[in-house]
Amino acid sequence: MYKEIRLKRGKEESLRRFHPWVFSGAIQSMDEGIEEGEVVRVVTNTGDFIAVGHYQQGSIAVRVLSFSDVQIADEFWHSRLLSALRMRQAIGIADNPDNNTYRLVHGEGDHLPGLIVDVYGQTAVMQAHSIGMHLCRKDIARVLNEVMEWRISHIYYKSETTLPFMTADDMNGFLVGGSDDNIATENGLKFRVDWLKGQKTGFFVDQRENRSLLEHYAKGKRVLNMFCYTGGFSFYAMRGGAELVHSVDSSGKAIELTRQNVELNFPGDSRHEAFCEDAFKYLEQAGSNYNLIILDPPAFAKHRGALHNALKGYTRLNQKAFEKIEKGGILFTFSCSQVVTKDHFRNAVFTAAALAKRKVRILHQLHQPADHPVNIYHPEGEYLKGLVLYVE
């Protein structure tokens with residue numbers, strides 16, 4: 001029997017609406033001896049069961065795994081992981097010979113808060129964002145290997161950066177198998193995945209559909225890909241027939257990966273150049289010879305306290321791009337900050353357009369792809385937003 005956390009009177013209402021978080025301020029009392037990462041039962045002030053989930057110190061005290069009074073064991077993991085796979089099969093993203101790269105588990109969006117699993121060919125990269133998922137990692141990996149059957153041969157665990165306060169030596173490493181074959185395929189294009197040292201799980205899977213859209217606009221364009229990381233937008237632009245593509249990132253390792261990825265797909269192609277440079281400095285010094293610019297920066301705000309400065313940063317960055325882009329150019333601009341809403345981001349970009357004195361029209365409003373689903377009861381899961389703009 002799991003230990004219990006009792007809520008203050010009335011604090012169960014959000015859980016009655018199936019929101020998957022219990023905040024620390026909602027807790028009235030806890031059984032003695034509850035440790036971080038432990039599975040707990042959440043009950044009302046009168047002792048009625050509401051949910052079962054992982055406990056952790058902090059603002060979000062419990063991440064709900066189930067609103068049914070179930071045991072969190074192999075049967076539970078199997079059901080949740082199989083459901084995630086079937087959804088990816090239903091949308092045509094899993095078992096696609098032209099694309100062996102996709103997100104299999106997206107935290108709350110797949111009713112597994114604190115867990116991310118990305119698939120790159122025969123390797124699944126698993127990442128924990130909660131201590132509870134970290135403690136369950138071996139059980140999850142074993143069941144994941146069963147559910148995925150022939151689809152994967154290796155499972156790499158990568159949580160050193162998402163649980164930096166943990167001191168265990170086993171935050172990164174293979175839980176199943178082991179492979180140095182890090183080349184995967186996305187929509188027919190190849191790329192190297194740095195799951196050892198790269199950001200996130202090694203690649204930004206969430207921009208796949210937006211990269212495809214960019215490809216359709218790239219023919220004959222002079223493209224600037226800011227914050228290029230491993231160059232995803234760059235090699236899509238090249239396949240789309242871009243006249244030239246310049247990739248910019250402040251990380252030398254990212255620039256090296258970009259060059260490798262371009263070479264994988266377009267060996268010896270002189271249309272591409274990569275620059276290790278600060279984004280704002282590069283834009284400041286750049287000429288006005290680009291007519292397709294991509295701004296895909298890292299999250300400017302990771303918590304609400306940073307929101308104001310983040311919006312100023314988005315405004316400043318987009319203003320520079322508006323000032324530099326050629327008349328009749330197209331700007332792809334993004335925010336992946338969860339605390340920045342669509343309205344926040346749009347207002348920052350529109351302020352930038354006004355300051356740059358450019359006429360701007362919206363062509364597309366972009367978001368995360370279907371393999372990064374948003375739990376309808378957890379709107380906070382809608383983190384990626386973007387705009388495609390025509391600039392006169």
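This passage looks at a nonpolar core, an open sheet and a buried loop residue in a predicted model. Local features need pLDDT of at least 70 and side-chain atom pairs count only at pLDDT 80 or more, while totals for chains, interfaces and linings use all residues. Numbering runs from 1 along each chain as its sequence is written, and side-chain values use heavy atoms, with hydrogens and water left out.

The largest nonpolar core (buried Ala, Val, Leu, Ile, Met, Phe, Trp, Tyr and Cys residues joined through side-chain atoms within 4.5 Å) holds 36 residues, and Trp-77, Leu-104 and Leu-144 have the most contacts inside it. Among the elements (DSSP runs, helices being H or I of at least four residues and strands E of at least two) that each supply at least two core residues are helix H2 (74–90), strand S7 (101–106) and helix H4 (137–148). H4 gives the most, with six. Beyond its neighbours within four places in sequence, Leu-104 is in contact (heavy atoms within 4.5 Å) with residues including Leu-85, Val-117 and Leu-144.

Elsewhere, six strands form an open sheet with mixed pairing (at least two DSSP bridges between two strands), in the order S2-S6-S5-S4-S1-S3. S2 (21–23) and S3 (27–30) sit at the edges with a single partner strand each, so one side of each lacks a neighbour in the sheet. S5 (49–55) and S6 (60–66) run antiparallel over four bridges, with Gly-53 opposite Val-64 in S6.

As for the loop between S19 (360–367) and S20 (385–391), Asn-375 lies there. Asn-375 counts as buried (under 20% relative accessible area, 1.4 Å probe, protein chains only; exposed is over 50%, partly exposed in between) because its relative accessibility is 8%. The Asn-375 side chain reaches the backbone nitrogen of Tyr-377 at 2.9 Å.

Conventions. Polar contact = N/O pair within 3.5 Å; in protein donor to acceptor, adjacent residues only side chain to side chain.
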